[in-house]
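Subject: Structure for you to look at, with notes

Dear colleague,

I am handing over the structure that I have been going through, and my notes on it come after it. Please read them with the structure open beside you.

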Amino acid sequence: VTPWNEYLSAKYKRSFAYHTVRNRLPVTVTQVIDHLSRSKEALVQTYGEGSREEIKQIIGYLSKLKNEMQTNKPLISLEANEVDASDWNNFLNTTEERLGRPLLWFADVWLHIECYLYRRIRESFALTKHLNQYDPFRHQKEEAFTGSLQAISVVGSYLLKLIESDAKIDTEQCVLQFLKLSLWGNRCDLSISGGKDISQVENPLDMISTLDELILVNDLQKVWSALNSTSSGPKIIDIIFDNSGYELFSDLCLAHLLVKLGLANKIRFHGKRVPWFISDVMEHDFHWLIQEMANQTRAPCLSKLSTMWKDFLSSGTWTYLTESFWTLPYSYDAMKQIDPELYNSFEGSKLLIFKGDLNYRKLVGDVFWPHTEKFSVALRGFEPAPLVTLRTIKADVVVGLQPGQAEKVAQKDTDWLVTGKYAVVSCLVK
Ligand code: F6P
Ligand code: MG
């Protein structure tokens, strides 16, 4: 039995955290190793003879990393000279001091351990010269986009029709619909679903209307009020991205609609600095997707949208930002102290939209809250601006449920916390 108010951790053998550290994360490392071995000759062709030795070096590093994890060795410091290395090492040192022992894979906070694993995968490339900027998950992200082109075209042509139509549209209904598309887009991360979900969906618009009962906390009306609120000054909205591919596309459609309807005049997108949780958006993925849309000659609506999105970017209506904080291990209550500049930059934002499971875990701190705990309590003081989380549930932490609600869902579905089938939309308005 896992105690309430403890952190999620692989020390609880029956938890999803344990399953992840024991089974899922080693598979992720193995997949990177296999990919490198398989693509060796192609990589050498692209990155030069000098990369041949480096591929060997990275494979060796990753095999050792996997072994450290599987044998519960201490977490070690980072060596490569990267902008966030000192922040990471500070984190490791201060936590070690507090615990009076080194951090261990199967003893400490799952959130920290899982972030550390991805940061160590990054380290294996950071220590090389030719492959320094190589993203070992890029091919998977790109394949996932291609696999979901059918769904993307359906949503794209629908959006285009809406924004080009002269008929008066029901603003509220449209915004809610695109919020839901973006919410359910989060089912498609590659670490859990492998992106399979959406490649099998022909029409996401039909799908989302049937999913409302799976939204266990539904603050969409609150979100609408926040978006629709009138205030003087610039109307800035921040979207803290999660995954590339279909999910990213659905987020950009939402962003387009918000601008088009005058609910925002500036949107700031926030992505990851390093390859993260397999499918998370990096700057290259963002621009790649928009460019790839332009190349879809068989779906002219996508190339049209692509041109419009490029215009948003060149006019500064949309901006893409990469802050290191998102790939540090901290939960968001620590942002004010660790990265005050980022925290303060949110002041005056109309709404922060946090996408996905990992952002949710960082919002509520990966704590075993009672499921009936209030979202506002679980945020532990993180309130830089009004905020909402659009998250499909893939980890055993959820708050904001009604008494008895968790038990009822669990009766129907024992895996309800980890499959991404259910969702929460929790909104905090100051
Ligand atoms: O919780 C399971 C998990 O794989 C975690 O590793 C991670 O928090 C999450 O799912 C990834 O999902 P998302 O892309 O929605 O953050
Ligand atoms: Mg993700």
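The notes below go from the whole chain to its helix pairs and then to single residues.

This is a predicted model, in which local features need pLDDT of at least 70 and side-chain atom pairs count only at pLDDT 80 or more, while totals for chains, interfaces and linings use all residues. Residues are numbered from 1 along each chain as its sequence is written, and chains are lettered from A and ligands numbered from 1 in the order in which they are written.

The whole chain

The chain has 19 helices and seven strands, where helices (H or I, at least four residues) and strands (E, at least two) are DSSP runs numbered from the N terminus. Its C-alpha trace spans about 60 × 55 × 45 Å along the principal axes. The radius of gyration is 21 Å, which agrees with the value near 22 Å that a compact globule of 430 residues would have; this radius is taken over C-alpha atoms, and the globule rule is 2.2 Å times the number of residues to the power 0.38. Buried residues make up 45% of the 430 residues, a residue being buried if 20 or more other C-beta atoms, placed from the backbone, lie within 10 Å of its own, exposed if 12 or fewer do, and partly exposed in between. Of the contacts with a separation of 6 or more, 82% are between residues 24 or more positions apart, contact meaning that the C-beta atoms, placed from the backbone, lie within 7 Å.

Three helix pairs

Two packed helices are described by the angle between their axes and the distance between the axes. Here the axes are lines fitted to C-alpha atoms, for helices over the stretch in contact, and the angles run from 0 to 180 degrees between N-to-C directions. Angles under 35 degrees count as roughly parallel, over 145 as roughly antiparallel, 65 to 115 as roughly perpendicular and the rest as oblique.

Helix H1 (residues 16–38) packs with helix H5 (residues 110–126) at about 5°, the axes being 11 Å apart, and the two are therefore roughly parallel. On the H1 side the contact is made by Ala-17, Thr-20, Val-21, Leu-25, Val-29 and Val-32, and on the H5 side by Trp-110, Ile-113, Glu-114, Leu-117 and Ile-121. Nine of these residues are nonpolar, one is polar and one is charged, with Ala, Val, Leu, Ile, Met, Phe, Trp, Tyr, Cys and Pro counted as nonpolar, Asp, Glu, Lys and Arg as charged, and the others, Gly among them, as polar.

Helix H7 (residues 149–164) and helix H14 (residues 300–315) have axes 9 Å apart and an angle of about 60°, and are therefore oblique to each other. Their crossing is left-handed, a term that applies if the near helix is turned anticlockwise from the far one by less than a right angle, whereas a clockwise turn makes a crossing right-handed. H7 contributes Ile-152, Ser-153, Gly-156, Ser-157, Leu-159 and Leu-160 to the contact, and H14 contributes Cys-301, Leu-302, Lys-304 and Leu-305. By class, six of the residues in this contact are nonpolar, three polar and one charged.

H2 and H3 pack at about 135° with their axes 8 Å apart, an angle that therefore makes them oblique, and H2 passes H3 in a right-handed crossing. Lys-40, Leu-43, Val-44 and Tyr-47 of H2 meet Ser-51, Arg-52 and Ile-55 of H3, which gives four nonpolar, one polar and two charged residues.

H2 and its surroundings

Helix H2 (residues 40–47) is hardly covered, with zero buried residues among its eight. Glu-41, which is found in H2, is exposed, with 10 other C-beta atoms within 10 Å. Just after H2, Gly-48 takes a positive phi of about 90°.

Loop residues

Two residues other than glycine with positive phi are Asn-72, near 55°, and Ile-278, near 65°. Asn-72 lies in the loop between helix H3 (50–70) and helix H4 (85–99) and counts as exposed, with 12 C-beta neighbours inside 10 Å. Ile-278 lies in the loop between strand S3 (266–271) and helix H13 (283–294) and is buried, with 23 other C-beta atoms within 10 Å.

With best regards

Notes
Contact = placed C-beta atoms within 7 Å.
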